Structure formats: structure tokens, C-alpha cells
Amino acid sequence: MANKDILKKRAEKYLDGITSEIYEIGETLMNMPELGYKEFKTSEFVYKSLRDLNINTEKGIAITGVRAVAEGRKHLANICIMGELDAVISPEHPNADRGSGAAHACGHNIQLANMLACAKTLKNSGVMEYLDGDVTFLAVPAEEFIDTEYRISLKKEGKITYLSGKQEMINLGVFNNIDAAMMVHSQADCPERRLFIGGGGLGFTAKKIKFSGKEAHAGGAPYDGINALNAASAALMMIGLQRETFRDEDKIRVHSIITKGGDSVNTVPADVRMELYVRGVSEDVIKDAERKVDAAINGAAYGIGASAEITTLGSYAPLIQNRELSRVFADNAEGFADEICFGVDMIGSTDVGDLCRVIPAIQPTIGGFCGAAHSQDFYAEDKYFTHIVPAKIMINTVIDLLYDNAEKILEMRDKHG
């Protein structure tokens, strides 16, 4: 039987031989950006790529999700390698879809390239024949919590229960037979070959608000109306005045957009809509900040004579990555990065945080990317480091976890939560 080092060298040699193919996958996906639960072209591309490996593959999970399983010589455990299907809205990005404004300005296309690189290598190199567990490759929809009106319509139609893709897959039982999961995310504004392991991430609660006032002629009789836009403006000001009550260590972030500012410039706005996030390091501090935000919204509406209807759309749990899985990943990352950084918190939020509550899961982040996340300037600067290195580390991690009767992963699963 081949030892682990031989298997790792075999996998690395195979992956180095398909480097140009993985680059092409990343580029192809870059040019078909789609928003959450609408990733039909992306889903079909991933499905065909996995199906062509002659492994059990299915699509249409949580609308656009794809799952494939590569079987080892035994089936003692199952580790999942994930990639996210969706893009963000960044209409000025050079690779943006001109209709929807969707763009892969967060690197999800490269996550999928990483996942497919792992699948091709583990299957075609023959490594799976020596492992005592299976590997699930999962393309997950709708990580970015945006385009919420569309997702709400899907929920009303009974097509989904949760607006987030991983939450929906948890609800559907997709992770029930999976013992651990991992994926590697981009680290924006970091062109250097740096790897970030074990950091945390903020949770959030998402809300939508409808301010209702009274229409009137804006030029002729504005005094007969109740200006809902003024109520929204006052709410934003009052939320801002709450910021001094937020402790630095709680990392509270409140950010919003006006999605509808009225119906006509010549009519006093009577229907104004807003969406906002309340972020923080824990559920408790998020709830406390929510209370203040809700009070500011309701108080502002009352002061103008309008009303406010607040609806909670959903929430993401703060990211707490599994320490044992992070340690195995870190051991396998040695020699692949110029610098490995531990415990550096990621920006933003992710529904991987919710998955971490269910099974051991990690989402390290990797450099080689230039530009701010979600901006028109975001792109992969170092293709080898962004497209190939994450796959090599994840493959080696899989080999460690599923070798020798999968003892490591089974012990990790038993210790979890």
C-alpha cells in the first residue's frame, strides 16, 4: 500500500499536469457570472465537469446546487470540498454581465476551479483507491445575501426555505452524512503569496424596512403629505447617532441602501424601502445592536408622522472555524505560501459560519488577489497561487484525513460541538 507521502506526490504531479485546464475553467466561469439561485449556466458547467469524471453526480439541489461523490476503497467517513456558484453585483467590473450586473468580484469562480481541480486529481490520479473514505464535491448556490426580493419570491412559492444556499442545504439534509467540510476563499487586496488560517468572521442579521407616509403634490401642497423618504433619512441619522454606543471589540457594523425612494419627484414619497445589515462578533451583540437600530427606525418614523414595517430576512452565524481541521490544513500548507498567518479575521460574513455549527468546517483565505472585494478592480493576480495551490493543500488534507481507516476525521467529528 502506498504511504501518504507517495500519494501526495502522485496527486501533485497529476495536478501540475492539468494546470492550464484549471486556469481555463476559472476563466470560463469568470465570464458567466450569475446571482444566487439563478446560477443555471454555472451549475450546468460544473455538473458536466463532474459527471465526465464517471463519479456519481446530481444537480438541482437547492435549485442550482450540484453534488458529486468520489468513493474510496472503504466508506468509513466523508469529507466535503465546496465551491460557491454565485457572483455579486458589480456592474462596472470588466467581466460583469451587462444585463444583471453580476460579476465574480469575490473569487467564487476560482473556488469552483479549486474544487474541480481536486475532483479531477483525486479521481484520475488513482489516489482515491487508497483512501478509507469518500469525498463529496459540492457546488453551493446563493452565498451572497443579495437580490433578496427574488429569493423571497422563491420562498413564497415553496421552492426554498432559506435565502442562503448553505442554510438551505443544511435544511435539506445535504450535510447529514458529511463528517467535515472545507473550501478556500480569496483574500482581497493581497497580491502576496500569503495564506490566512483559523480567523473568525462577523455574523449578521438582514432586514428590510417599508416606510409608509401619505402622498401629496410635492410642489403644490407638500404640507398635505407625510414624507416617507424623510422618515428613512431621519432613521439613517438616528442609527448613526447610536454608533458611539457600539463597543470596538463587538465590531458592530450597520450598513444600508435605499431600494426605493418614492414613485415620482413631483409627489411626496409615501412608499420608501430600505435594506440593511447589522453585523457583529456574536449573536448577543448583534441582538443588542438590532434593538437600537429598530428603535431608531421606529422613532424616526413616528417623529415624521409616518410608519415603519421592519421585516427580518435572515441571518448568518459568526464564523468559528474548526481548530483541528485548521491544524491539519496548516500542516499541509507548509512550503506552498511565503507566509502563513493564523487567527486573522476575514472581512464580511459567510454562511460557512452556520455550517461550522453543524460539522467541522473551515474557510481559509488566500492571497494572490488584487483590488477590493466586490469592486470593479478585483482580479486574480497570481493564477498559480490562486487556482492551483488551494487545490494542492486541500488534496493533501483529504489524504491525511482519509488515510489509515480515516481515524483523524472520525476523531474530529466525534469531538465537534
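With which side chain does the side chain of His-75 make a polar contact? In this predicted model, the partner is the side chain of Asp-134, at a distance of 2.9 Å. His-75 lies in the loop that runs between strands β2 (65-70) and β3 (78-84). Leaving aside residues up to four places away in sequence, His-75 touches Asp-132, Gly-133 and Asp-134. The relative accessibility of His-75 is 51%; because the cut-off for an exposed residue is over 50%, His-75 is classed as exposed. Lys-166 follows 91 residues apart from His-75 along the chain, and the C-alpha atoms of the two residues are separated by 24 Å.

A nonpolar patch on the surface is formed by Leu-229, Leu-236 and Ile-258, with an area of about 200 Å². Of these residues, Ile-258 belongs to strand β11, which spans residues 253-260. The relative accessible area of Ile-258 is 38%, so this residue is partly exposed; patch members are required to have over 30%.

Helix α9 comprises residues 323-333, and its buried residues are Leu-325, Ser-326, Val-328, Phe-329, Ala-330, Asn-332 and Ala-333. In an α-helix, residues three or four places apart point the same way, because there are 3.6 residues a turn. At the start of α9, a side-chain oxygen of Asn-322 comes to within 3.1 Å of the backbone nitrogen of Glu-324. Just after the helix, Gly-335 adopts a positive phi of about 90°.

Definitions and conventions:
Residues numbered from 1 in each chain as written. Predicted model: local features only at pLDDT ≥ 70, side-chain atom pairs only at ≥ 80, totals over all residues. Heavy atoms only, no water. Patch = residues over 30% accessible without salt bridge, like charges linked within 9 Å, V, L, I, M, F, W, Y side chains within 5 Å. Areas by Shrake-Rupley, 256 points an atom, 1.4 Å probe, with all protein chains shown as cover. Salt bridge = Lys/Arg side-chain N within 4 Å of Asp/Glu carboxyl O. Helix = DSSP H or I, 4+ residues; strand = E, 2+ residues; numbered from the N terminus. Buried < 20%, exposed > 50% of the residue type's maximum accessible area, 1.4 Å probe, protein only. Contact = heavy atoms within 4.5 Å. Polar contact = N/O pair within 3.5 Å; in protein donor to acceptor, adjacent residues only side chain to side chain.
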